[in-house]
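Please walk through this structure one region at a time. The paragraphs below take up selected loops, a metal site, a pocket and a helix in turn.

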Amino acid sequence: MDCIFCKIVSNEIPSVKAYEDDRVLAFMDINPLNEGHLLIVPKAHAATIYEITEADFLAVMSVTHKLAAAVKKVLNPEGINLMQLNGRAANQVVPHLHVHIVPRWSGDGLTISQWEMVAGNMEKIKAVAEKIQSEMGNAE
Ligand code: 5GP
Ligand code: ZN
């Protein structure tokens, strides 16, 4: 398959690895937003959260949890952003699911998660919540 992260998993494209097990690979982002910017991917190709199996997603999140602790020890950031983008509208560029770990320091100049707070319409908020609750009740 013509997938850049599958090629990284199979070593066709080199990467700077940080962790590897049966299901998951973690490697350094080639365009780091900050020092220690990591990507955590399932070894089995899955484009987005809709395609990945629950077991692989949990494996990715478990490795993310361990890596966050390792990053904290190694770099002692003041904060960490986790990002996981799905679909072009969400700015996903590489269509092989990945979690970003971005270490943060106050004043680092990054704008991740800086959004303007604008109060929503409570009726609309409740209506969507009810639909989601109903769908969750129907989920297998
Ligand atoms: P996203 O799809 O979440 O927007 O981000 C894709 C990420 O993959 C970017 O941060 C980009 O720097 C990183 N990336 C793209 N190609 C490569 C590559 O060949 N090697 C590595 N290590 N990272 C890559
Ligand atoms: Zn892939």
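Ser113 sits in the loop between E5 and H3. The model that places it there is a predicted one. The phi of Ser113 is positive, about 70°, although the residue is not a glycine. Most residues other than glycine have a negative phi. With a relative accessibility of 44%, Ser113 counts as partly exposed, because that class lies between the 20% limit for buried and the 50% limit for exposed.

A positive phi also occurs at Asn91, about 75°, and Asn91 is not a glycine either. Asn91 belongs to the loop between strand E4 (79–83) and strand E5 (99–104). Its relative accessibility is 55%, so Asn91 counts as exposed. Asn31 lies in another part of the chain, in the loop between E2 and E3, and counts as exposed at 57% relative accessibility. Asn31 and Asn91 are separated by 60 residues in sequence and by 15 Å in space, C-alpha to C-alpha.

As for the chain as a whole, it has three helices and five strands. Read from the N terminus, the order of the elements is α-β-β-β-α-β-β-α. The C-alpha atoms fill a box of roughly 50 × 40 × 25 Å along the principal axes. Of the 140 residues, 32% count as buried.

The loop between E4 and E5 holds buried residues as well. Gln92 is found in that loop, and at 5% relative accessibility Gln92 counts as buried. What does the side chain of Gln92 reach at 3.0 Å? One partner is the backbone oxygen of Val94, at 3.0 Å. Another is the backbone oxygen of Ala47, which lies 3.0 Å from a polar atom of the Gln92 side chain.

His96 is also placed in the loop between E4 and E5. The relative accessibility of His96 is 0%, so His96 counts as buried. The side chain of His96 reaches the backbone oxygen of Pro42 at 2.8 Å. In addition, the ND1 atom of His96 coordinates the zinc ion (ligand 2).

Which residues coordinate the zinc ion (ligand 2) together with His96? They are Cys3 and Cys6, each through SG, and His45 through ND1; the coordination distances run from 2.0 to 2.3 Å. The arrangement is tetrahedral, because the four donor atoms subtend angles of 105 to 116° around the zinc ion; the class requires all angles to lie between 85 and 135 degrees. Along the sequence, the donor residues follow the spacing C-x2-C-x38-H-x50-H. Cys6 lies in helix H1 (residues 4–9) and His45 in the loop between strand E3 (38–42) and helix H2 (54–75), so this pair ties together parts that are 39 residues apart in sequence. Is Cys6 buried or exposed? Cys6 is buried, because its relative accessible area is 18% and the limit for buried is under 20%. His45 has a relative accessible area of 32% and is therefore partly exposed.

H1 appears again at the largest pocket. The volume of this pocket is about 510 Å³. Of the 24 residues that line the pocket, the closest to its centre are Phe5, Asp29, Ile30, Asn31 and Leu39. The elements that contribute two or more residues to the lining are H1 and strand E2 (24–28). The largest share, three residues, comes from H1. Asn31, among those closest to the centre of the pocket, is the exposed residue of the loop between E2 and E3 described above.

The last stretch to look at is helix H3. H3 covers residues 122–138, 17 residues in total, and spans 24 Å from its first C-alpha to its last. This span is close to the 24 Å expected at 1.5 Å a residue. At the N-terminal end of H3, Asn121 acts as the cap, with a side-chain oxygen 2.9 Å from the backbone nitrogen of Glu123. How many of the 17 residues of H3 are buried? The count is zero, and H3 is hardly covered.

Key:
Residues numbered from 1 in each chain as written. Chains lettered and ligands numbered in written order. Predicted model: local features only at pLDDT ≥ 70, side-chain atom pairs only at ≥ 80, totals over all residues. Heavy atoms only, no water. Helix = DSSP H or I, 4+ residues; strand = E, 2+ residues; numbered from the N terminus. Expected span 1.5 Å × (residues − 1). Buried < 20%, exposed > 50% of the residue type's maximum accessible area, 1.4 Å probe, protein only. Polar contact = N/O pair within 3.5 Å; in protein donor to acceptor, adjacent residues only side chain to side chain. Donors = N, O, S within 2.8 Å, 3.2 Å for Na, K, Ca; no water. Tetrahedral: all angles 85-135°; square planar, octahedral: opposite > 155°, others 65-115°. 1 Å grid on protein atoms, 1.4 Å probe; cavity = no way out; pocket = protein on both sides within 12 Å on 5 of 7 lines; lining within 4 Å. Points joined across faces, edges and corners; volume = space filled by probe spheres on them.
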